[in-house]
Amino acid sequence: MTIEKHVKVFRAFVALIALFLLSCHHQSDNKPIPMMGDLKMGAYRVGYRTLFEYDRTRPGIPYSDWEGKLYRDHDPALGRQFQIHVWYPATGEGDPMRFEQYVHLMGRETNFGESEEQEKFAEERFIQQTNDLGGEGKFTTIELAELLEMQVFAEYGAHAETGPFPVVIIPSGCSAAYHSITAEFLASHGFVVVGFSPKGRFSWGMEISTLGLETAVDDLEFVVQQISNLPYVNVQEISLAGNAISSSVCALALAKNSQFKALISLEGGLPSSFEQRLLNQTQVYAPQNLQVPMLFIYAPHPSIDPSHTFHLVHSDRYYAHFPKMSEFAMLNYGMFDAVVPDIIGEHEGGTKSGFETANKLMLRFLNNVHGKLDEPLFTDDFAVKNNAQIDTTFILTSVPAAPNLAEMKVLFLERGMMAIDSIYQTLQSQGSKSPFSTSFYRDYRSWLAWKRDPEFSNRLQLYEMAYGSFPESSEVNYYLAAYLERTGDTLKAIHHYERTLQLLVTDEDPALGIKRKGQIRQYAQEALEILR
């Protein structure tokens with residue numbers, strides 16, 4: 001008998017057992033579900049449904065695997081494809097589910113049709129991706145068969161509880177099959193959990209670039225629109241959680257939209273210099289635009305350092321280090337390691353306990369954020385129970401942020417530039433090194449220029465503040481020089497024009513393209529020719 005026949009016989013046998021177990025599913029609400037490990041499930045049953053939606057303002061895209069190969073089995077005219085996974089607190093029974101239903105959805109990311117061919121394709125992708133993440137060829141159809149037949153906690157199409165419930169959105173490049181355990185766990189405790197795969201501009205694979213992050217945020221905003229129509233969703237209470245680069249997608253979404261309540265970086269790349277560079281090349285990623293609680297769950301990695309997020313001073317930041325875990329062990333693989341040992345490589349002491357601890361910590365954090373719990377995140381009791389998995393925890397508390405642009409305009413109209421300077425000085429004294437962002441200075445400068453500062457004195461005062469925060473900015477030096485010139489301080493103007501030309505050589509401000517840099521260089525040189 002060939003290996004393939006052995007696998008088919010084995011799967012058929014396991015399927016018979018699984019069907020029997022599924023027929024008994026939820027006869028007892030306390031019946032253990034092996035896939036959930038030792039996680040203590042909440043008071044709710046969990047329902048699951050898949051939304052297949054099209055964004056008709058953008059063309060459809062082909063599926064691409066991790067190597068970049070394209071599969072053009074889609075209709076571009078239908079629109080950009082979104083497979084949206086929704087787990088929710090439920091009442092009453094739905095259809096029992098096995099893990100294979102999550103895996104098979106991987107074959108329907110860009111073509112929503114359903115066929116045996118797509119199911120086979122999905123299984124092949126799951127095997128390949130698992131090996132790419134550390135399985136190194138050890139994960140085969142035999143190991144996959146064991147996972148596929150496992151019962152999951154959720155029930156398909158179960159009737160939803162009334163709600164509305166707070167929401168956790170998990171953007172993931174790897175489908176529901178990679179974070180379903182976390183989603184089911186959180187949903188059982190009273191959260192609606194939404195998963196989707198952010199895509200690239202031209203294919204399913206997300207682009208690892210600044211533009212890729214911005215495209216992914218557009219996708220996330222579309223998903224929010226779609227789920228806002230669900231009656232059990234509280235759109236005023238949405239938190240974001242991301243693994244790998246998805247954590248930076250979440251951070252950029254927070255910077256653009258103050259609607260979101262919190263961020264969880266689940267072994268994400270957000271605390272890395274590389275992803276911070278990508279984020280800093282956008283217009284909106286600035287400490288002033290991120291003012292919500294953040295939880296950083298991180299493991300040993302040469303590129304990860306919490307200090308890369310210390311500048312986010314307007315957010316309360318909670319850090320927990322898991323010394324025995326790794327990036328993708330924080331996904332379902334952390335639990336699967338107990339079923340298929342070393343599924344994505346060896347880990348000291350296994351990963352099941354670490355995965356469970358991370359999920360409990362996430363739940364505790366979310367309960368605090370959304371008002372279900374009111375106690376410190378890292379209590380002595382929590383530390384004692386989980387010290388085998390977490391060796392370091394610390395908290396960085398937020399400092400106050402400036403009012404928004406609209407409020408700052410009103411303050412000027414009521415009290416003049418003195419009010420703006422007072423806010424600047426107060427925030428600096430409270431620990432904010434850069435009370436206002438560079439984008440604020442640009443916008444406020446333009447607003448003042450419209451008949452509100454004929455003598456240039458207000459804009460001079462504004463850019464003296466800007467220089468105090470951003471002395472290495474060529475644009476800040478240029479405008480400070482220009483307003484010093486217009487108010488008669490020639491010597492200082494010359495100094496800052498000269499400094500402008502020096503800084504332009506290395507300034508990487510994303511707001512300054514080649515054309516804008518050329519204009520500033522020309523204006524500074526012309527001014528110096530006149531003033532010297």
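A residue counts as buried when its relative accessible area is under 20%. By that cut-off, strand β4 is mostly covered, with 11 of its 11 residues buried. The legends below all show a predicted model.

**Figure 1. The whole chain, with its 18 helices and 13 strands.** Let's start with the overall picture. Along the principal axes, the C-alpha atoms fill a box of roughly 90 × 50 × 45 Å. A compact globule of 532 residues would have a radius of gyration near 24 Å, and the chain has 27 Å, which agrees. Of the 532 residues, 55% count as buried. Looking at contacts between residues at least 6 apart in sequence, 73% join residues at least 24 apart.

**Figure 2. An open sheet of 11 strands with mixed pairing.** Reading across the sheet, the strand order is β5-β6-β1-β4-β8-β7-β9-β10-β11-β12-β13. The edges are β5 (95-98) and β13 (392-396), each of which pairs on one side only. On average, neighbouring strands are turned by 25° against each other, direction ignored. Helix α7 (residues 246-256) packs on this sheet, where it touches β7 (165-171), β9 (233-244), β10 (262-268) and β11 (294-298). The direction of α7 makes about 140° with that of β9.

**Figure 3. Strand β4 and its two partners, β1 and β8.** Strands of a sheet pair through backbone hydrogen bonds, in either a parallel or an antiparallel sense. Here β4 (residues 80-90) runs antiparallel to β1 (residues 45-55), and the two share 11 bridges. To find your way along this pair, look for Glu53 opposite Phe82 of β4, and for Arg45, whose bridge partner in β4 is Ala90. Strand β8 (residues 192-196) also pairs with β4 in the antiparallel sense, over three bridges. A handy landmark there is His85, which has Gly195 of β8 as its bridge partner.

**Figure 4. Arg98, a buried arginine in strand β5.** Arg98 has 13% relative accessibility, so this residue counts as buried. Which side chain makes a polar contact with the side chain of Arg98? The partner is the side chain of Glu149, at 3.0 Å. Val152 is also worth finding in this view: 54 residues separate Arg98 and Val152 along the chain, yet their C-alpha atoms are separated by 5.4 Å.

**Figure 5. Gln389 in the loop between α11 (380-386) and β13.** Is Gln389 buried or exposed? With a relative accessibility of 8%, Gln389 counts as buried. The side chain of Gln389 makes a polar contact with the side chain of Ser353 at 3.3 Å. A polar atom of the Gln389 side chain also lies 3.4 Å from the backbone nitrogen of Gly354. Leaving aside residues up to four places away in sequence, Gln389 touches His321, Phe322, Pro323, Ser353, Gly354 and Thr357.

**Figure 6. Helix α16 (residues 474-486), largely enclosed by the rest of the structure.** At 1.5 Å a residue, the 13 residues of α16 should span 18 Å, and the end C-alpha atoms are indeed 18 Å apart. Because 11 of these 13 residues are buried, α16 is largely enclosed. Among the buried residues are Tyr478, Tyr479, Leu480 and Tyr483. The buried residues pack against α14 (438-449), α15 (457-469), α17 (490-504) and α18 (514-531). At the N-terminal end, Ser473 caps the helix: one of its side-chain oxygens lies 3.4 Å from the backbone nitrogen of Glu475. Just after α16 comes Gly488, with a positive phi of about 95°.

**Figure 7. Three loops with backbone features to look for: Pro164, Glu136 and Asp342.** The loop between β6 (151-156) and β7 holds Pro164, and the peptide bond from Gly163 to Pro164 is cis, with omega near 0°. Glu136 sits in the loop between α3 (116-135) and α4 (141-148). Although Glu136 is not a glycine, its phi is positive, near 50°. At 67% relative accessibility, Glu136 counts as exposed. Asp342, in the loop between α9 (333-336) and α10 (352-369), has a positive phi of about 55° and is not a glycine either. The relative accessible area of Asp342 is 33%, so this residue is partly exposed.

Conventions:
Residues are numbered from 1 along each chain as its sequence is written. This is a predicted model: local features need pLDDT of at least 70, side-chain atom pairs count only at pLDDT 80 or more; totals for chains, interfaces and linings use all residues. Side-chain values use heavy atoms; hydrogens and water are left out. Two strands pair if DSSP finds at least two bridges between them. Helices (H or I, at least four residues) and strands (E, at least two) are DSSP runs, numbered from the N terminus. Axes are lines fitted to C-alpha atoms, for helices over the stretch in contact, and angles run from 0 to 180 degrees between N-to-C directions. Contact means heavy atoms within 4.5 Å. The expected span of a helix is 1.5 Å times one less than its number of residues. Buried means under 20% relative accessible area, exposed over 50%, partly exposed in between (1.4 Å probe, protein chains only). A polar contact is a pair of N or O atoms within 3.5 Å; within protein, one must be able to donate a hydrogen and the other to accept it, and residues adjacent in sequence count only if both atoms are side-chain atoms. The radius of gyration is taken over C-alpha atoms; the globule rule is 2.2 Å times the number of residues to the power 0.38.
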